[in-house]
Amino acid sequence: MSVLRAIWQDLRSKRLWPLAAALLVAIVAVPVVLSSSSSAPAVIPPPAAPGPVSNGLPAVSETAVPTSSPPTGSAHNPFAPTGGGSATTPTTSTTTLPGTTPGPTGSPAPGSGSGPTSGGTTPPTLPGGGQTTPVTPPIPTPKPKPTIPTLHPDQSYSVSLAITKPTGGLDTFAPLERLTPLPSASQPLVVELGVLRGGSRVLFAVQPGTVLSGKGTCIPGPIDCEILSLAQGQTERLSVQTSNGPVRVAMFAVTRIVAAKHPSPSAAMKIRNQESRAGRRVLDHSSLKALKLFRYVPGTGAVVDLRNLTLRNS
């Protein structure tokens, strides 16, 4: 005790006792602080579960789903019908030609091949690979207008014609140039000769190998038809004779015959003299005898039947 007292008196005389007191407090406090930091933190108890809701509904317990496990089972289809039924694929109705066998829905018929997906249609295919003729809308045949038996000097006949296309649809000629080959210059089955005098009919030169079927009148007769006379509104079918029989090519009709007015007689005469060069080449190499019985006269703007002139003169 005398030693501690001597140290205390010495610190007191030198005024170092505050420092000594602070060291003493530190010596006591450091072990206490280290022991308290090494102990486990206190666990806060979870809050009590809420009681039942006052509106009478049962309490819902939320359970966390682990994010690491992938979902199982098939995905839900939002567009599937309810009520336990299975989803169905809409189908389109198809028209089957006689003698053909329809294929399964959504797939082409056997032997038909695949058609284009856009822009046009493919003709139906018969068993064996042969294609049928494309469906074509009917040719408009308006009610015939009164005929124009005689043209004025400033007038010319204007003929309108409609003909079917191989791919379907119609081609129209308005006006139709005289001596136009039909259905085309590369396949001249008939050549338009002009309006017969009287203004009610149009004449066509029929080339060898052409088969006609319709309301027109054949000269000299149906068996050896060389000149076809067709009135407004009458439809005629063009076919080509082959070793297997006639093959249909097109259908055409005269849809209008009118008298077109021009500024002057000279302008009308210019139109009357116009003709297709392709048709002229066909007629120049034609051997049709009936062509000599009909002559186009620009002065009248019409085709004259020379048989009538011969009968009148006799």
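These are my notebook entries on what I looked up in a predicted model.

**Entry 1. The open sheet**

I began with the strand order. I found 5 strands in an open sheet, arranged as β2-β1-β10-β9-β6, with antiparallel pairing. I then asked which strands stand at the edges. They are β2 (170-173) and β6 (210-214); each has a single partner strand, so one side of each is left without a neighbour in the sheet. For the twist, I noted that neighbouring strands of this sheet are turned by 25 degrees against each other on average, with direction ignored.

I next looked up the pairing at the β2 edge. Strand β1 (residues 155-164) runs antiparallel to β2, and 4 bridges join the two. Within this pairing, I located Ile163 opposite Asp171 of β2. As a general reminder, I wrote down that strands of a sheet pair through backbone hydrogen bonds, either parallel or antiparallel.

**Entry 2. Strands β3, β4 and β5**

I followed the chain into β3 and β4. Strand β3 (residues 181-184) pairs with β4 in the antiparallel sense, over 4 bridges. The two strands form a hairpin, and 2 residues lie between them. Across this pairing I recorded Leu182 opposite Val190 in β4.

On its way to β5 the chain makes another hairpin, in which 5 residues stand between β4 and β5. I checked the backbone there and found that Gly198 takes a positive phi near 120 degrees. The pairing of β4 and β5 is antiparallel and extends over 5 bridges. Val191 has Ala205 in β5 as its bridge partner.

How many residues of strand β4 are buried? I read 7 of the 9 for β4 (residues 187-195), so this strand is largely enclosed by the rest of the structure.

**Entry 3. Aromatic rings**

I searched for aromatic pairs and obtained a count of 1. The pair consists of Phe204 and Phe252; its geometry is edge-to-face, with 5.3 Å centre to centre and 65 degrees between the planes. It links distant parts of the chain, since Phe204 belongs to strand β5 (residues 201-206) and Phe252 to strand β10, 48 residues apart. I checked the accessibility as well, and both Phe204 and Phe252 are buried.

I also looked for a charge over a ring. The charged end of Arg178 sits over the ring of Tyr296, at 3.7 Å from its centre.

**Entry 4. His262**

I placed His262 in the loop between β10 (245-261) and α3 (265-273). Is His262 buried or exposed? It is buried, because its relative accessible area is 16%, which falls under the 20% limit. Its side chain makes a polar contact of 2.6 Å with the side chain of Ser156. Beyond its neighbours within four places in sequence, I listed the contacts of His262 as Asp154, Gln155, Ser156, Ala267, Ala268 and Ile271.

**Entry 5. The loop between β2 and β3**

Two residues of this loop went into the notebook. The first I looked up was Ala174, which lies in the loop between β2 and β3. With 58% relative accessibility, Ala174 counts as exposed. Leaving aside its neighbours within four places in sequence, I found Ala174 in contact with Val159 and Ser160. I also recorded a separation of 9.4 Å between the C-alpha atoms of Ala174 and Thr255, which are 81 residues apart along the chain.

The next was Leu179, also placed in the loop between β2 and β3. Leu179 is buried, with a relative accessible area of 1%. Its phi is positive, about 70 degrees, although Leu179 is not a glycine. For context, I noted that most residues other than glycine have a negative phi.

**Entry 6. Cis peptide bonds**

Lastly I turned to the peptide bonds. In general, most peptide bonds are trans. The bond from Leu182 to Pro183 is cis, with omega near 5 degrees. Pro183 lies in strand β3, and Leu182 is the residue already recorded opposite Val190 in β4.

Where is Pro220 found? I placed Pro220 in the loop between β7 (217-219) and β8 (227-231). A cis peptide bond joins Ile219 to Pro220, with omega about 5 degrees.

Note on methods. Residues are numbered from 1 along each chain as its sequence is written. This is a predicted model: local features need pLDDT of at least 70, side-chain atom pairs count only at pLDDT 80 or more; totals for chains, interfaces and linings use all residues. Side-chain values use heavy atoms; hydrogens and water are left out. Two strands pair if DSSP finds at least two bridges between them. Axes are lines fitted to C-alpha atoms, for helices over the stretch in contact, and angles run from 0 to 180 degrees between N-to-C directions. Buried means under 20% relative accessible area, exposed over 50%, partly exposed in between (1.4 Å probe, protein chains only). A polar contact is a pair of N or O atoms within 3.5 Å; within protein, one must be able to donate a hydrogen and the other to accept it, and residues adjacent in sequence count only if both atoms are side-chain atoms. Contact means heavy atoms within 4.5 Å. Rings of Phe, Tyr and Trp (its six-membered ring) pair if their centres lie within 6.5 Å; planes under 30 degrees apart count as stacked, over 60 as edge-to-face and the rest as tilted. A charge sits over a ring if NZ of Lys or CZ of Arg is within 6 Å of the ring centre and within 35 degrees of the ring normal.
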